Amino acid sequence: MERRSFLNTLFSASLGLGFYRIGAPSLTKEKSNQKLSFTFEDNKVTYYLKGLPKPMKIIQISDTHLWRDDARGEQFREYKARMEKAYNVTKHYKTGAETNPEKSFEDVLGYAVSTKADLIVLTGDIFSFPSEAAIEWAYEKLKQTGIPFLYVAGNHDWHYEGMKGSLQELRSSWTKQRLLKMYQGNDPLMGSYTLNGIKVLVLDNSVFDVTPEQLDYFRKQKKDGIPFMVFMHIPMYIPGKSSGIGDPAWGAAMDKGYETEKRERWREGGHIKSTFDFWDELFASENLLGIFTGHFHRQYVDVVNGIPQFVSAANAMGAFTDISFVQVK
Ligand SMILES: [Fe+2]
């Protein structure tokens, strides 16, 4: 899409829908007058939904940055040197007390079990690099909870700094080699799980684009009109706010991190068309309850066209997002 028409689309979408007119996430296919109601307090998001068959809870974990490794990782020493040290000891986001990624991960899983969570969604950068030891450790801990989980990669999970290859090539090779078990048989780039009348979609946008195949998948998943949530690593662009997927200015000139992260620089030409189309269609979705992301390691919410986009703080510092669904009579 041309930059100009993309901007026009944004402008007309904002005007047409209005900022306060919120979609109608009826749990039936028929439209209702029900508006989307939620609260966001500390790390807790609570939705109040009419027609919800029973209450439920989803725990989102993002940016744990696990770094454990063993002899199998020796041959990759030069590629993991920086990230292996980046999160050895961290400060808890709330208490300021010393902690570390493994403790934070075990704590949130313990919380998920004790609160009887229905689903855990992991939104990327769970690993600081694709270490076999860390992946095995996390997978076993997740299995021990007995709670179903969905995983989608972030830009670090598949990245060994300094390794040759495009972002797409590196993602493709490491998701298939090392991270595969985390997907439990699902496609690494996209997946869905329907729970209690709500669809949970995961999409990998860790190369800063949404592929035509992912866009097709999104369109098919959205067609049935079931209320849905989208989980991804990198937040979507908020018009007027710099950065985020779908930013018309995204590209090489904006890339400040490629030398530090020793990776291919972002493309000169900006996002591919399917990324912009995804942006348009995502924020025009009537039944979208919310977008849940991470990447920036800070907790906040932005709203576009009445659709909230939550950004989770980093689990490396003990944070996570607790998403509850309450029945409204
Ligand atoms: Fe991260």
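Here are a few friendly notes on the strands, helices and one exposed residue of this structure, which is a predicted model.

1. Let's begin with the open sheet. Six strands build it, and reading across you meet β8-β9-β10-β11-β13-β12, with mixed pairing. The edges belong to β8 (190-195) and β12 (300-304); each has a single partner strand, so one side of each is left without a neighbour in the sheet. On average, neighbouring strands here are turned by 20° against each other, direction ignored.

2. The β8 edge is worth a look in your viewer. β8 pairs with β9 (residues 198-203) in the antiparallel sense, over 6 bridges. To find the register, start from Thr-194, which stands opposite Lys-199 in β9.

3. What lies across this part of the sheet? Helix α6 (residues 212-223) does: it lies across β8, β9 and β10 (228-231). The helix runs at about 180° to β9, and angles over 145 degrees count as roughly antiparallel.

4. Strand β14 (residues 321-328) deserves its own point. Strand β2 (residues 44-50) runs parallel to β14, and 7 bridges join the two. Strand β3 (residues 56-61) also pairs with β14, but in the antiparallel sense and over 5 bridges. Asp-322 of β14 is a handy landmark for both pairings: Lys-44 stands opposite Asp-322, and Asp-322 is also the bridge partner of Ile-59.

5. Now to a helix pair. Helix α3 (residues 101-114) packs against helix α4 (residues 132-145) at an angle of about 15°, and their axes are 10 Å apart. Angles under 35 degrees count as roughly parallel, and α3 and α4 are therefore roughly parallel to each other. The crossing of α3 past α4 is right-handed.

6. Which residues make the contact between α3 and α4? On the α3 side they are Phe-105, Glu-106, Leu-109, Ala-112 and Val-113. On the α4 side they are Ala-138, Lys-141, Leu-142 and Thr-145. By type, the residues of this contact divide into 6 nonpolar, 1 polar and 2 charged.

7. Last, a stop just past β14. Lys-329 sits in the segment after that strand. Is Lys-329 buried or exposed? Lys-329 has 4 other C-beta atoms within 10 Å, so this residue is exposed, the cut-off for that class being 12 or fewer. Lys-329 and Leu-52 are 277 residues apart in sequence, while their C-alpha atoms are 9.0 Å apart in space.

Terms used. Residues numbered from 1 in each chain as written. Predicted model: local features only at pLDDT ≥ 70, side-chain atom pairs only at ≥ 80, totals over all residues. Pairing = 2+ DSSP bridges. Helix = DSSP H or I, 4+ residues; strand = E, 2+ residues; numbered from the N terminus. Axes fitted to C-alpha atoms, helices over the stretch in contact; angles between N-to-C directions. Contact = placed C-beta atoms within 7 Å. Parallel < 35°, antiparallel > 145°, perpendicular 65-115°, else oblique. Left-handed = near helix turned anticlockwise from the far one by under 90°. Nonpolar A, V, L, I, M, F, W, Y, C, P; charged D, E, K, R; others polar. Buried ≥ 20, exposed ≤ 12 C-beta atoms within 10 Å, placed from the backbone.
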